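Reader: Please take one part of this model and go through it closely. I would like its surroundings described first, and then how far the prediction can be relied on.

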Amino acid sequence: MKKLLFLLSFTALSASDEMGALLFNGNCTTCHFELKEVSAPAMITVQERYKKAFGKKEDFVKYLSEWVANPNPETSIMQDAIKKHGVMPHLGYEKEVIEDIAAYIYDTDFTKQH
């Protein structure tokens, strides 16, 4: 029974990771390159700033998800990016989608993606 629970947990975790990667690559990389700043901050920079402000994954995902759902320059922790690129547009994604993407951003080592 324990082996089955572990396998189910691992499969669910892998599926969640894959979904986050799919959602990230299908939506965010239009503007956010992983390591290079072009029309928006590099995702590694976003990850570093948010991890510095919110060390716990739960807090990171909550704040980043809420901000992406309702981009507001006054609540951004990346004022320099807003000055350079403007405010991120409102994307209208469902809360769960944004949370999956935020969790993927927290967990991913973008330096090993290439």
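**A loop histidine and its setting**

Author: The model is predicted, and the protein chain in it exposes about 7600 Å², with carbon and sulfur atoms supplying 59% of that area. Of its 114 residues, 32% count as buried. The secondary structure consists of 5 helices and 0 strands, so the order from the N terminus reads α-α-α-α-α. Among contacts between residues at least 6 apart in sequence, 58% join residues at least 24 apart.

The part chosen here is His32, which sits in the loop between helix 1 (2-27) and helix 2 (43-53). His32 has a relative accessible area of 13%; because the cut-off for buried is under 20%, His32 counts as buried. Leaving out residues up to four places away in sequence, His32 touches Ala40, Pro41, Met43 and Val46. Of these, Met43 and Val46 fall within the range of helix 2 (43-53). Pro41 also takes part through its backbone: its oxygen lies 2.8 Å from a polar atom of the His32 side chain.

Confidence varies along the protein chain. The average pLDDT is 86, and 83% of the residues score at least 70. Helix 3 (residues 57-69) has the highest mean, 97, while helix 1, which precedes the loop of His32, has the lowest, 60. Over residues 1-13 the pLDDT is below 50, and this stretch has 0 contacts in the model beyond near neighbours in sequence.

Technical notes:
Residues numbered from 1 in each chain as written. Predicted model: local features only at pLDDT ≥ 70, side-chain atom pairs only at ≥ 80, totals over all residues. Heavy atoms only, no water. Helix = DSSP H or I, 4+ residues; strand = E, 2+ residues; numbered from the N terminus. Buried < 20%, exposed > 50% of the residue type's maximum accessible area, 1.4 Å probe, protein only. Contact = heavy atoms within 4.5 Å. Areas by Shrake-Rupley, 256 points an atom, 1.4 Å probe, with all protein chains shown as cover. Polar contact = N/O pair within 3.5 Å; in protein donor to acceptor, adjacent residues only side chain to side chain. pLDDT = per-residue confidence, 0-100.
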